[in-house]
Amino acid sequence: MTWCCLNGEMMPIEQAAISPMDRGFLFGDGVYEVMARVDGRIRAKSLHEARLRSSLDAIGLDISVTDVFSDVDRLIDKAGLLDAKIYVQVTRGAAAVRDHAFPAQISPTVFLTISEFKAVSQKPAKAIVRPDIRWRRNSIKSVSLLGNVLLLQEARENGAQEAVLYRDEFVTEASTSNVFVIRGQTLITPPLSDLILPGITRHLVIEMASTVGLNVIEEPVRVDSLGGADGVFVSSSTRGLMPIVELDPGGQVGDGRLTDAFLALQTAYDERLHHHE
Ligand code: PLP
């Protein structure tokens with residue numbers, strides 16, 4: 001049985017029902033988080049809590065993140081999964097009348113799901129490279145994901161696993177992950193801004209890079225520099241560190257092989273998943 005939690009109530013997922021007037025459904029008016037649970041602990045839980053708080057603040061939704069996370073703990077107990085993927089979705093809730101502006105009286109919808117999942121880094125992959133067609137506030141982890149959906153679909157239709165995105169010739173991020181470039185012993189990643197999600201995995205990679213002798217530079221990355229790098233990889237809670245060995249357009253990255261620097265980082269990252277705070 002797959003358990004979920006809807007507004008504090010645990011139930012089998014088939015029994016969960018949300019109003020068609022929910023603003024998440026009507027307007028994409030909500031935010032979310034996705035977290036990996038490894039060996040019985042949520043990876044980087046406090047960072048996920050902080051990011052959820054910041055997404056909620058950004059859209060003016062005032063609810064207790066502490067309460068949401070105590071529901072997460074109850075859902076985990078119910079499901080009894082040591083290795084899992086947990087989604088937290090919070091929308092502004094259901095209104096009596098459809099109106100773009102926020103209603104005066106409304107209570108948020110909080111929906112949590114959990115499913116079995118092993119957090120391991122994914123295999124070398126191909127990525128399409130496309131203009132970033134999304135809105136300009138991607139630091140908010142919004143449930144309005146149509147741009148990301150269309151871009152990942154285009155990747156799949158082109159035999160690729162990700163879509164690397166750029167705006168004005170510079171890489172922003174990928175459709176479901178952040179982007180890193182490797183040059184020698186240096187990791188380069190676009191700086192945090194409104195244009196990208198502050199990925200938790202990105203944060204952990206930056207924090208641990210020095211343990212494998214890599215230094216990190218956060219600076220704009222020209223999209224036409226990707227193919228000539230020694231390596232490119234994307235990072236996310238669900239993909240881990242996924243190397244990109246082929247770009248479309250762009251062809252092979254570097255000599256098409258994974259560098260020792262990348263392999264050392266990936267091993268250290270996968271290892272750290274089991275010893276995280
Ligand atoms: N960027 C986007 C657009 C994402 O959807 C995600 C993950 O869902 C990320 C980056 C990576 O974030 P995290 O490392 O917190 O999973």
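Two strands are said to pair if DSSP finds at least two bridges between them, and strands β8 and β9, which run antiparallel, are joined by three bridges. The model in which this pairing appears is a predicted one, and the chain in it has a secondary structure of six helices and 15 strands. The points below begin with the chain as a whole, go on to its strands, and end with some single residues and their backbone angles.

**The chain as a whole**

- For a chain of 277 residues, a compact globule would have a radius of gyration near 19 Å, and because the chain has 19 Å, the two values agree.
- Taken along the principal axes, the box that the C-alpha atoms fill is roughly 55 × 40 × 30 Å.
- Of the 277 residues, 48% count as buried, while the accessible surface comes to about 13000 Å², with 52% of that surface belonging to carbon and sulfur atoms.
- When contacts between residues at least 6 apart in sequence are considered, 73% of them join residues that are at least 24 apart.
- The chain carries 28 positive and 36 negative charges, and the mean positions of these two groups are 1 Å apart.

**The antiparallel sheet of six strands**

- Strands of a sheet pair through backbone hydrogen bonds, and they may do so in a parallel or an antiparallel way.
- One open sheet, with antiparallel pairing, has six strands in the order β2-β1-β6-β5-β3-β4.
- At the edges of this sheet stand β2 (9-12) and β4 (41-42), and because each has a single partner strand, one side of each is left without a neighbour in the sheet.
- Strand β5 (residues 84-91) pairs with strand β3 (residues 30-38) in the antiparallel sense over eight bridges, and β5 is also joined by eight bridges to strand β6 (residues 109-116), again running antiparallel.
- Residue Q89 of β5 shows both of these pairings, since Y32 stands opposite Q89 and Q89 in turn stands opposite F111 in β6.
- Strand β1 (residues 3-6) pairs with β6 in the antiparallel sense over three bridges, and here L6 is the residue that stands opposite F111.

**Strands β7, β8, β9 and β14**

- Strand β7 (residues 125-131) is mostly covered, as six of its seven residues are buried.
- Strand β7 runs parallel to strand β14 (residues 240-248), to which four bridges join it, and in this pairing I128 has D248 as its bridge partner.
- Strand β7 also runs parallel to strand β8 (residues 162-167), this time with five bridges, and the bridge partner of V129 in β8 is V164.
- Strand β9 (residues 170-174) has four of its five residues buried, so it is largely enclosed by the rest of the structure.
- In the antiparallel pairing of β8 with β9, the bridge partner of R167 is F170.

**Backbone angles that stand out**

- Most residues other than glycine have a negative phi, and most peptide bonds are trans.
- The hairpin of β8 and β9 has two residues between its strands, and in it D168 takes a positive phi near 50°.
- Residue E169, found in the loop between β8 and β9, has a positive phi of about 75° although it is not a glycine, and at 41% relative accessibility E169 counts as partly exposed.
- Residue D39, which lies in the loop between β3 and β4, is not a glycine either and has a positive phi of about 50°; its relative accessible area of 43% makes D39 partly exposed.
- The peptide bond that joins D248 and P249 is cis, with omega at about 5°, and P249 is placed in the loop between β14 and β15.

**Two residues towards the end of the numbering of strands and helices**

- Residue V253 lies in the loop between β15 (251-252) and α6, and because buried means under 20% relative accessible area, V253 counts as buried at 2%.
- Leaving aside neighbours within four places in sequence, V253 is in contact with several residues, including L226, V232, I244 and L247.
- Residue T267 is in helix α6 (residues 260-272) and is exposed, with a relative accessible area of 55%.
- Between T267 and V149 there are 30 Å from C-alpha to C-alpha, and the two are 118 residues apart in sequence.

Terms used. Residues are numbered from 1 along each chain as its sequence is written. This is a predicted model: local features need pLDDT of at least 70, side-chain atom pairs count only at pLDDT 80 or more; totals for chains, interfaces and linings use all residues. Side-chain values use heavy atoms; hydrogens and water are left out. The radius of gyration is taken over C-alpha atoms; the globule rule is 2.2 Å times the number of residues to the power 0.38. Buried means under 20% relative accessible area, exposed over 50%, partly exposed in between (1.4 Å probe, protein chains only). Contact means heavy atoms within 4.5 Å. Accessible areas come from the Shrake-Rupley method with a 1.4 Å probe; for residues, only the protein chains shown count as cover. Lys and Arg count as positive and Asp and Glu as negative; His and the chain ends are not counted. The place of a charge is taken as NZ of Lys, CZ of Arg, CG of Asp or CD of Glu.
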